[in-house]
Amino acid sequence: MKCYHLTPNETHPSFLKRKIIHFDMDCFYAAVEIRDNPKLKGRPVVIGGSPNSRGVVCTASYEARQYGIHSAMSCAKAKKLCHDTIFISPNFEKYKAASNQIHSIFKSYTDLIEPLSLDEAYLDVTNNHQQLYAVKIAKRIQEEIYQTTGLTGSAGIAPNKLIAKIASDFRKPNGMTLVLPEQVSTFIGPLPLRKISGIGPASEKKLNALGLHACHDAWAYDLKDLQKMLGTRMGEWLYLKSRGIDEKGVQNNRVRKSLSEETTFQSDLIHIPALEEQLTHLTQSVTEKLRLKNLSGKTITLKVKYANFDQITRSKTLSKSTNSEQVIFHIAKSLMLKTEAGKRKIRLLGLTLSKLAG
């Protein structure tokens, strides 16, 4: 393994010469609904289930977020936070149509595109079709998306995927943040470790207990120290990520073997209705990914991690592939009922679709 400890004055390795854009649409589902119904403009809007059901929030408009409403929250709780919230059931066909328009614009600049969801993608523009600077491309993409769809998105421009993804969230909505190779360390150093994708509430709590709050806190430890503290794999992972090191390039031709989503809860859950809410959100996320890539799967696998970190999986293979949200949720729920859900506290649920077909 190459161990880099970069400072603003050091020479950066060759992989930092890439020019990566992470483009992320602003409140995508809600923005599409507001565009199509201007009466919703300025109102708190939630895309998700009914507040009288066990549904969860897929997306919330910025007006709704001001009340503390966020994705994965139960719609019932969202209603309590803001009684004036307007709840709209998701229309994935409409969102997919807008997404197709957006990705067509991406393709006019580069073939190296890695979609993450309907509204989010990495673009490698190091050698782009129009031989433009990355900032110019990001600006043009923003303008063309708005002219074509009436929607806005934000961009992070950086020498790798890790930094670009963090940067795209800095100036939302309709913003842009550039991080040059020589600025990587100064950019990521003071940021909370939670900003690194992959560090959830449980991991953050564990790291905080060890005195690790900001990324630069991890710089005080060498690789072996972090591995002793966190384990071999996690120690190495944090050593690199906290320094803004990410050698993975944009992958646009990956052969997908599976699609998955998992969530670690802020507090352990034991009651079936609460677990079903989380399972609904996981199902929505997985089926969104399947539809984006025009895939379906035969094998549905549920992962359960109990409060004591014991982990089990339960799977079922269908006779034919599916990407139906209702079918996948029904099977995932039946798999969950074959675990000790309702009897033991659970800290994490995960859902995977495998044996994929186009």
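**Rings in the core of a predicted model**

Visitor: Tyr29 and Phe92 are both buried. Before we go on, what kind of model is this?

Guide: It's a predicted model.

Visitor: What makes Tyr29 count as buried?

Guide: Buried means under 20% relative accessible area. Tyr29 has 4%, so Tyr29 makes the cut.

Visitor: And why is the pair of Tyr29 and Phe92 called edge-to-face?

Guide: Ring centres have to lie within 6.5 Å to pair, and planes over 60 degrees apart count as edge-to-face. Here the centres of Tyr29 and Phe92 are 5.6 Å apart and the planes sit at 90°, so edge-to-face is the label.

Visitor: How do you know that this pair ties together separate parts of the chain?

Guide: Tyr29 belongs to helix H1 (residues 28–36) and Phe92 to helix H4 (residues 92–107), so the parts being tied are 63 residues apart in sequence.

Visitor: How many aromatic pairs does the structure hold?

Guide: Seven.

Visitor: Why is the pair of Phe28 and Tyr29 called tilted?

Guide: Stacked needs planes under 30 degrees apart and edge-to-face needs over 60, with the rest tilted. Phe28 and Tyr29 have planes at 50° and centres 5.9 Å apart, so the pair is tilted. Phe28 is buried too, because its relative accessibility is 2%. Ring pairs join Phe28, Tyr29, Phe92 and Tyr95 into a cluster.

Visitor: Zooming out, how do you know that the chain agrees with a compact globule?

Guide: For 358 residues, a compact globule would have a radius of gyration near 21 Å; the chain has 21 Å, so the two agree. As for burial, 48% of the 358 residues count as buried.

Definitions and conventions:
Residues numbered from 1 in each chain as written. Predicted model: local features only at pLDDT ≥ 70, side-chain atom pairs only at ≥ 80, totals over all residues. Heavy atoms only, no water. Rg over C-alpha atoms; globule rule 2.2 N^0.38 Å. Buried < 20%, exposed > 50% of the residue type's maximum accessible area, 1.4 Å probe, protein only. Phe/Tyr/Trp six-rings, centres within 6.5 Å; stacked < 30°, edge-to-face > 60°. Helix = DSSP H or I, 4+ residues; strand = E, 2+ residues; numbered from the N terminus.
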